[in-house]
Amino acid sequence: YVPEQLDLSKPVPMVIALHGAGGDENMFMDAYGLGEIQRQADRMGFVAVSPATYFFTSRSDMLEPVIEKLSHCYPVDRKRVYVLGHSMGGGATTRLATDKGDLIRAASCLAGFRGFPAGANVPPTYVVAAELDAIIPAAGIESAAKRGIEEKLPIKFELVPQYGHTLVVE
């Protein structure tokens, strides 16, 4: 998604949004928050990209080709590439931040976070868990985030009360 008013004569940020299991590349554009990512792109001025997550679940080497190909179409500011993911997409985001953190300015894992290895060189990462999540319980996400915080990794954790697995994306 490219906002109509986005000035493409200069480098622009890019947000890569990775959907959860059972979803597809339309989830962030149409379902999660009824397309909130598009409204944020309009408001904040970035290109929003939502590829199929399945390619990223075990292959972090897929990130560079996505950035490269989109850079041929849009003036992507490679110093402002952000990745966010929900559920399985949060797990994929964890992997990308671990393996390719040098390509990512910041990351966000929503209702899906595996934790980072000790001493990992990762970008600032916002980790969100839903209190009422029966699919990926908040306790496991919180525990993984707190281990990283104790190790002085750049993690911010938030527990969202009274929300479940999918609603927390909004």
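How many bridges join β3 to β4, and do the two strands run parallel or antiparallel? Select both strands and you will find 5 bridges between them, with the strands running parallel. Leu-84 is a good place to click, since its opposite residue in β4 is Ser-108. Helices (H or I, at least four residues) and strands (E, at least two) are DSSP runs, numbered from the N terminus. Two strands count as paired if DSSP finds at least two bridges between them.

**Before you go on**

You are looking at a predicted model, in which local features need pLDDT of at least 70 and side-chain atom pairs count only at pLDDT 80 or more, while totals for chains, interfaces and linings use all residues. Residues are numbered from 1 along each chain as its sequence is written, and side-chain values use heavy atoms, with hydrogens and water left out.

**Stop 1: the sheet**

Now show the strands as a cartoon. They form an open sheet of 6 strands in the order β2-β1-β3-β4-β5-β6, with parallel pairing. At the edges sit β2 and β6 (155-160), each pairing on one side only. From one strand to the next, the twist averages 15 degrees. Axes here are lines fitted to C-alpha atoms, for helices over the stretch in contact, and angles run from 0 to 180 degrees between N-to-C directions.

**Stop 2: strand β1**

Select residues 12-18, which make up β1. This strand is mostly covered, with 7 of its 7 residues buried. Buried means under 20% relative accessible area, exposed over 50%, and partly exposed in between (1.4 Å probe, protein chains only).

Look to both sides of β1. It is joined to β3 by 6 bridges, and the two run parallel; 3 bridges join β1 to β2 (residues 47-49), also in parallel. Val-15 is the residue to centre on: Tyr-82 stands opposite in β3, and Ala-48 stands opposite in β2. Elsewhere along the strand, Met-14 has Val-81 of β3 as its bridge partner, and Leu-18 stands opposite Gly-85 in β3.

Next, add helix α3 (residues 63-73). It lies across β1, β2 and β3, and runs at about 130 degrees to β3. Contact, here and below, means heavy atoms within 4.5 Å.

**Stop 3: the largest pocket**

Keep Val-15 selected and add Ile-37, Gln-40, Phe-46 and Leu-84: of the 21 residues lining the largest pocket, these five lie nearest its centre. The pocket holds about 630 Å³ of space. At least two lining residues come from each of β1 (12-18), α2 (36-44), β3 (76-86) and β4 (106-110). Colour the lining by residue type and you get 15 nonpolar, 4 polar and 2 charged. In this scheme Ala, Val, Leu, Ile, Met, Phe, Trp, Tyr, Cys and Pro count as nonpolar, Asp, Glu, Lys and Arg as charged, and the others, Gly among them, as polar.

A pocket is an open set of points on a 1 Å grid over the protein atoms alone, where a 1.4 Å probe fits, with protein on both sides within 12 Å along at least five of seven lines; lining residues have an atom within 4 Å of a point. Points are joined across faces, edges and corners, and the volume is the space filled by probe spheres set on them.

**Stop 4: the loop between α1 and α2**

Tyr-32 is in this loop, between α1 (27-31) and α2. Tyr-32 counts as buried because its relative accessible area is 7%. Show its surroundings: not counting residues up to four places away in sequence, Tyr-32 touches His-19, Gly-20, Met-27, His-86, Thr-166 and Val-169.

In the loop between α1 and α2 you will also find Leu-34, which is exposed, at 69% relative accessibility. Check its backbone too: phi is near 50 degrees, a positive value in a residue other than glycine.

**Stop 5: after β3**

Move to Ser-87, in the loop between β3 and α4 (88-99). Its phi is near 55 degrees, again positive in a non-glycine residue. Ser-87 is buried, at 10% relative accessibility.

**Stop 6: Thr-57 and Ala-138**

Thr-57 sits in the loop between β2 and α3 and is partly exposed, with a relative accessible area of 22%. Beyond four places in sequence, Thr-57 touches Met-88, Ala-92, Arg-95 and Arg-114.

Finish at Ala-138 in helix α5 (residues 138-150). Ala-138 is buried, with a relative accessible area of 10%. Its contacts, leaving aside neighbours within four places in sequence, are Ala-129, Ala-130, Glu-131, Asp-133 and Leu-159.
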